[in-house]
Amino acid sequence: MKSKTLVVNEDSHKKTKLIKKKIEISTVILHLVLILGAAIMIFPFIWSITSSLKSVSQIFIVPPEFLPNPFVWSNYPDSLKAMPFGRAYWNSFYITVLIVGIQLITAAMAAYAFAKIRFPGVNLLFILFLATMMIPKQVTMVPTYMIMSKIGWLDTHLALIVPGALFNAFSVFLLRQFIMGIPNELEEAAVVDGANPLRIFWSVILPLIKPALAAVGIFSFMGTWNNFMEPLIYLSTPDLFTVPLMLNYFKGLYATDWGLMMAGSTISIIPVLIIYIIAQKHIIEGVALTGIKG
Amino acid sequence: MMKNKTLWGYFFLAPQLLGLVAFALIPLVFSIVLSFMDWDGFGTKSFIGLENFIGQFQSPVFWKSLRNTVLYTILYIPIGVSISLLLAFALNKVKGKELYRIFYFMPVVTSSVSVGVIWMWILNGDFGILNQLLGVFGIAGPQWLTNTSLVMISIVMLSVWWQVGFNMIIFLAGLQGISKSYYEAADIDGASGFQKFRHITLPMLSPTTFFVTIMAIISSFQVFDQAYVMTMGGPAKSSYTIVYHIYELAFVNFRMGESAAAAIILFTIIMIFTLIQFKVSKRWVHYEE
């Protein structure tokens, strides 16, 4: 009797050992595949950076050489001299900050009204907001262009800033979902203390939805910074260009000088990547949050 | 008190409501009106009925742009969604997923133009790194961007690389949102790994899959940036998409009425697809009660 139990135990022990080994091998394979995938994801960045430091003749060498030999730094000052990239950075920066900052406040205000204030027409208006998310921007593109032209905003940053700051149904919708989750008791307590809705919004609601504001803010930051179509349509003076538009313009003029182009491309990517690496946890979690709530 | 609440309600709503009216409703109405007009954007407008729509349906260029857009969507959706789903499964339980996430998400933060410039070079038929890599295996790589039958495939490749991290993150969040108690209950019932995957993971993840697929289809129908930056719609208009068509009609050819008509056709197509998706979704999307 005793010996039999022992055998069974030994057997199952062997089995778990076997399974463990199997798992280890599959984990190693999984990691290898994931590392290969990660390499594919970052390789284009690394390759364009190393190429930006090569001479034209080295870029075309077959088979390709990975490291620059010698390092050619002149592509950077040359591309900065060729195009006002610094200017484009400033444009992109201040446009994005204004749009995201103002949009967060106006969207949170609207979201608060939709979530917590009962007034005539509130449901109908909310449905209207939701419905506009279905409209592709190409449908409103031509008329909006005409409106901008009528009020003299063509080839100015106002054409980008004002619509972005004042209208984003997606942000309103997401923030509303969060504000709905705040218990009414908190507000009622503030009302008892004699606070008006503006005070409640500012001192009760806004502090409570900080994580949501961060998520929505990151989302519109990425969308605004990388926006290509609106600047392409509205802006024609190079001094007013945003970073993506400047790079596209640059590409059009220097399409054959690959060293210069890779430098230009790197100049436009590096700051975004630095911000990304610093804030990646928040950016990725913000996107995850948006996905769940959407 | 009642009146007061109404005032406050509209006070908080005012800025976004103004934006909604000025940048969505008025342009939408204007766009519909414009689609029945003949207008070059400067001179006088004249009412021409359905002519713009008929003109689009008779235009080979419109059909070509539609065909390219549908081709892109058909290629991109299954490849893009399944790769991001597989990656999310792979990362879900693996150690070091935070580090992998950083790398896989990196292209997402990059602008379409930067991505386009880099890929123009990766895909260059003569000295692009992809063909040099294929050369190592003795394969003579094609002219990715100047071959009419390969150019949309090239744009799909770029798009998958560019966006796979985004969808992966959303899938990963969906996977981590599935309560462990389901798996524990299944373990007690003696379910196998595949059974758990088939009867817990897939149905519980279906709302996320639905969300990702719908968003991906909607954005696929609006593909523009990649084609504009890399190929300018070429060669021979074989990467010319609907949005490219709408853009060119309005801002290159100044045929505002036709552009509006094409945009409204695009809107209708997206709406029909979305509605069909919602209808079909009842069969496969599982929502928790």
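Begin the tour of this predicted model by selecting A:Thr266, which you will find in helix α14 of chain A. With a relative accessibility of 5%, A:Thr266 counts as buried, because buried means under 20% relative accessible area. Show its side chain and look along the helix towards A:Met262, whose backbone oxygen lies 2.6 Å from a polar atom of the A:Thr266 side chain. If you then set aside the neighbours within four places in sequence, the residues in contact with A:Thr266 are A:Ser48, A:Ile49, A:Ser52 and A:Tyr76.

**Where the two chains meet**

Now colour the chains separately and turn to the contact between them, to which chain A contributes 95 residues and chain B contributes 82 residues. The area buried between chain A and chain B is about 8,000 Å², and carbon and sulfur atoms give 82% of that area. Between chain A and chain B the count is one salt bridge, and you can display it by selecting B:Arg101 together with A:Glu285, whose side chains meet at 3.7 Å, N to O. Helix α14 of chain A, residues 258-293, supplies 18 residues, the largest share of the side of chain A that touches chain B. Sorted by kind, the residues on that side of chain A divide into 71 nonpolar, 20 polar and four charged. Residue pairs in polar contact between chain A and chain B number 16, counting those in which both residues are at pLDDT 80 or more.

**A stop around helix α7 of chain A**

Select A:His157 next, in the loop between α6 (137-150) and α7 of chain A. Is A:His157 buried or exposed? A:His157 is buried, with a relative accessible area of 7%. Not counting residues up to four places away in sequence, A:His157 touches A:Asn91, A:Tyr94, A:Ile95, A:Leu235 and A:Leu240, so it is worth showing those side chains as well. For a sense of scale, draw a distance from A:His157 to A:Ala263: they are 106 residues apart in sequence, and their C-alpha atoms are 27 Å apart in space.

Then move to A:Leu158, which lies in helix α7 (residues 158-166) of chain A. A:Leu158 has 39% relative accessibility and therefore counts as partly exposed, a label for values between 20% and 50%. Leaving aside neighbours within four places in sequence, A:Leu158 is in contact with A:Trp153 and A:Pro163. A second distance can be drawn from A:Leu158 to A:Phe178, which is 20 residues apart from it along the chain, and the C-alpha atoms of this pair are separated by 30 Å.

**Aromatic rings from both chains**

Over all chains the structure holds 51 aromatic pairs. To look at one of them, select B:Tyr240 and B:Tyr244, which form a tilted pair with 5.2 Å from centre to centre and 40° between the planes. B:Tyr240 is buried at a relative accessible area of 3%, and B:Tyr244 is also buried, at 2%. Which residues make up the aromatic cluster that holds B:Tyr240 and B:Tyr244? Extend the selection to A:Tyr145, A:Phe228, A:Tyr234, B:Phe224, B:Tyr228, B:Tyr247 and B:Phe251, which together with B:Tyr240 and B:Tyr244 form one aromatic cluster.

**Backbone details to finish**

Most residues other than glycine have a negative phi, and most peptide bonds are trans. With the backbone shown, go to A:Asn69 and A:Pro70, which are joined by a cis peptide bond with omega of about -5°. A:Pro70 is placed in the loop between α2 (56-59) and α3 (75-82) of chain A.

In chain B, the peptide bond from B:Gly234 to B:Pro235 is cis as well, with omega near -10°, and B:Pro235 is found in the loop between α10 (225-230) and α11 (242-251) of chain B. The loop between α10 and α11 of chain B also holds B:Lys237, which has a positive phi of about 60° although it is not a glycine. B:Lys237 is partly exposed, with a relative accessible area of 30%.

The last selection is B:Phe254, in the loop between α11 and α12 (256-284) of chain B. B:Phe254 is not a glycine, yet it has a positive phi of about 55°, and with a relative accessible area of 33% it is partly exposed.

Methods. Residues are numbered from 1 along each chain as its sequence is written. Chains are lettered from A and ligands numbered from 1 in the order in which they are written. This is a predicted model: local features need pLDDT of at least 70, side-chain atom pairs count only at pLDDT 80 or more; totals for chains, interfaces and linings use all residues. Side-chain values use heavy atoms; hydrogens and water are left out. Contact means heavy atoms within 4.5 Å. Buried area is the accessible area (1.4 Å probe) that two parts lose on being put together, summed over both. A salt bridge is a side-chain nitrogen of Lys or Arg within 4 Å of a carboxyl oxygen of Asp or Glu. A polar contact is a pair of N or O atoms within 3.5 Å; within protein, one must be able to donate a hydrogen and the other to accept it, and residues adjacent in sequence count only if both atoms are side-chain atoms. Helices (H or I, at least four residues) and strands (E, at least two) are DSSP runs, numbered from the N terminus. Ala, Val, Leu, Ile, Met, Phe, Trp, Tyr, Cys and Pro count as nonpolar, Asp, Glu, Lys and Arg as charged, and the others, Gly among them, as polar. Buried means under 20% relative accessible area, exposed over 50%, partly exposed in between (1.4 Å probe, protein chains only). Rings of Phe, Tyr and Trp (its six-membered ring) pair if their centres lie within 6.5 Å; planes under 30 degrees apart count as stacked, over 60 as edge-to-face and the rest as tilted.
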